[in-house]
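Colleague: I'd like a close look at one part of this model before I go back to the bench. Please take one of the chains and tell me how its pieces are arranged and what they touch.

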Amino acid sequence: MSSTTEAPVDAKVGSGDAITSKERTQFEMVVRRFMRHRLAVTSLILLVLLLLIAFVGPLFYKWGYEPQPGEIPIAKAPSGEHWFGTTRKAQDLLGLIIRGTQQSLKIGLLVAVLDIGIGAVWGAVAGLFRGWVDAIMMRIVDVIFVVPFLAVVAAVSTGINRVTWLEIALLIGLLGWGTTARLVRGQVLSLREQEFIEAARAVGASNTRIVFRHLLPNVTGIILVSATLAIVSAILLESALSFLGFGIQAPDTSLGSQVSDGAGSAQNKPWLFYFPGITLVLICLTFNFIGDGLRDAFDPRQTLERK
Amino acid sequence: MLAYIIRRLLVAIPILLLASLFTFVMVEYSSDPIPTYRQQLEQNATASGMDAEAIDAAVERFKERNYYDRSTPERYWLWLTGIGGDGDIGLLQGEFGPSLRANYDIKGQLGDRFFITLRLVMMAVICSMGLAILAGVVMAVKQYRKIDYILTFIGFIALSMPVFWFAGLVKNMAVSYNKATDTETFATYGENAAGGTGNMTTFEALLDSASHLILPSLVLMLAGYASASRFQRAAMLDVLNSDYVRLARAKGLRNRTVMRKHALRTALIPMATLAPVAVLGAMAGAVVTETVFEWQGMGRFFVDALGQRDPFAIQAFLIISGVLTIIGVLISDLLYGIVDPRIRYE
């Protein structure tokens, strides 16, 4: 978040709370605006909690995700010993859900990194150079768009023996950056005509420097919002794949395959169906609200007057 | 306009070719059916009385029948043009290639299933668009009021809901309802009654289809609704804050007239362009929905093909999706020009 220098100064003066004695950096403004979005802040706290539960929780919770026949009773309702109940394969459901949450978060975060790393740079370069470079780069994006996403990931992951979260995340990440690239390119096309780019050129800045120091910092907001959307769609895609049986498979687990296992007995063993599903909804909901908060926070037209 | 359409279609051809090459190579390297086939034969060797030589010969026949005796580039060319094949392959000749499964006709299956899926998708998209327009307008008119927050929250939940879980939830509730009332109000299995509609009157058949259609389209509505209602809200807000709406109010028009005649008509523009894209999204969502509700549609076709590792069947689904995507996006761009007079195509 190094967008302190290049942003046009006018943006600050124009916003709603310009009448203060102290000047604020853009970063401070963004944080303040984000804090106003109550749901986004709640979601951020929830996300931290989820991260803690997923990655630190296993150290404290008694049961893992492996089946332990004899130790763990089969398909028992939630109790003091097994908080979320147990499955038909003698697994502790909370242990499974912790593992599943871990997988979903890892996939989401890696996809976000790839989405920003490839998509944003791709879009910025295409928009900056225009001409035939832009044409070729965007046709490649078109090709990736035409390829049905779910279908290709499913087709490839069936071919891999025992797919892990890493392979799924790489597949989704390497195929899914098109939207971000398009959004960033659109923004860069208008940014590149502004004076500060011209000024940078005039003092002899290289193209690399213009892309990384001047263009990308100015589209941080769009990139971050786009990344949160990419996270949600990656998590939903992976769980859908695992639900269909083409994703992460036993002995490892994912929230999608847990829902798939529980779906058949939703009537008489509801915990098997509802707990993993609600966890999944919760994860996606937090990212969506954080994305919404970021969108508001980075929107220069947004004033602080909003309730 | 016509020149624009033709140019767009011409640009689409190389994109489709590249995309199909890409998916072909992906499918090719991720599933090789030969070892699986050989393994099957070897496992059944004692039962069928085949010796090693007979197995080799059978594998050779299998390779030849499915064109696996050729290299990947040769097979791609063959798949595309059908030149040098046995007449069951070649996209340009309208053939999708042989299936690895016995007595499975890819083209025939796709023909039957396409309209089953289309029925579901169209129903879902029309309902979700209608609902999204309604919700979007209400949210915009009542911006920052309680109803706006409630609808926004519902929208976010819809956006975060995995289709497969929502499908399971709806199915589960319907089963509970059927049990509680001891009726068959909601059909939760298949696209038609199990015995087929052959011995029903037209009216009964229609009723039967409708009762099977309700739940899956409800599920499929969800994803489309979530994003469309946000778009509609933003578009309506834009329009409501514009000068010409203020002018219409200022010259004393009734609020209802302003809303209906001035604001809503302009605010519907983004919806028109979103609809074709929503159809594509619903097509993808149908893969999961059809699996949960046991429909024999396109989505199920793809899931089966993947499960059986049937390369030409997978490829057939991928290329149809690709063509539909290009057509959908083109229609969406054209609609934009038709409904919005500010946009011209040259």
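Modeller: Happy to! Let's take chain B and begin with residues 120–141, a span that is 100% helix and 0% strand, with its end C-alpha atoms 32 Å apart. Helices here are DSSP runs of H or I of at least four residues, strands are runs of E of at least two, and both are numbered from the N terminus. Please keep in mind that this is a predicted model: local features need pLDDT of at least 70 and side-chain atom pairs count only at pLDDT 80 or more, while totals for chains, interfaces and linings use all residues. Residues are numbered from 1 along each chain as its sequence is written, and chains are lettered from A and ligands numbered from 1 in the order in which they are written.

That opening span has a label in UniProt. The unreviewed entry places "transmembrane region" at residues 9–27, 120–141, 148–167, 210–228, 263–288 and 312–336 of chain B (positions are in the numbering used here, feature names are shortened, and annotations may be inferred rather than shown by experiment). Another of these spans, residues 148–167 of chain B, is 90% helix and 0% strand, and its end C-alpha atoms lie 26 Å apart.

Now to the overall division of the chain. The domain assignment splits chain B into domain 1, residues 2–96, and domain 2, residues 107–339 (the bounds come from an automatic or database assignment). The C-alpha centres of these two domains of chain B are 34 Å apart. Where they meet, 16 residues of domain 1 of chain B are in contact with 13 residues of domain 2 of chain B; two residues are in contact if their C-beta atoms, placed from the backbone, lie within 7 Å. On the domain 1 side of that meeting, the elements of chain B that give two or more residues are helix H1 (2–30) and helix H2 (33–43). H1(B) provides the largest share of this side, 9 residues. By class, the domain 1 side that touches domain 2 of chain B has 9 nonpolar, 4 polar and 3 charged residues (Ala, Val, Leu, Ile, Met, Phe, Trp, Tyr, Cys and Pro count as nonpolar, Asp, Glu, Lys and Arg as charged, and the others, Gly among them, as polar).

H1(B) comes up again when we turn to the partner chain. In total, 39 residues of chain B are in contact with 35 residues of chain A. On the chain B side, at least two residues each come from H1, helix H7 (146–160), helix H8 (163–181), helix H12 (269–293), helix H13 (298–308) and helix H14 (311–339). Of these, H1(B) gives the most, with 10 residues. The side of chain B that touches chain A divides into 28 nonpolar, 10 polar and 1 charged residues.

Next, let's see how some helices pack inside the chain. H13(B), one of the helices that touch chain A, also packs against helix H6 (residues 106–141) of chain B, at an angle of about 130° and with the axes 7 Å apart. Axes are lines fitted to C-alpha atoms, for helices over the stretch in contact, and angles run from 0 to 180 degrees between N-to-C directions. H6(B) and H13(B) are therefore oblique to each other (under 35 degrees is roughly parallel, over 145 roughly antiparallel, 65 to 115 roughly perpendicular and the rest oblique). H6(B) brings B:Gln109, B:Leu110, B:Arg113, B:Phe114 and B:Thr117 to this contact, while H13(B) brings B:Met298, B:Gly299 and B:Phe301. Sorted by class, the residues of H6(B) and H13(B) in this contact are 4 nonpolar, 3 polar and 1 charged.

A second pair to look at is helix H9 (residues 202–240) and helix H11 (residues 255–267) of chain B, whose axes come within 8 Å and cross at roughly 135°. That crossing makes H9(B) oblique to H11(B). From H9(B), the residues B:Gln232, B:Ala235, B:Met236, B:Val239 and B:Leu240 meet B:Ala263, B:Thr266 and B:Ala267 of H11(B). This contact of H9(B) with H11(B) has 6 nonpolar and 2 polar residues, and no charged ones.

If you want one element to follow on your screen, try H1(B): it gives 9 residues to the side of domain 1 that touches domain 2 of chain B, and H1(B) also gives 10 residues to the side of chain B that touches chain A.
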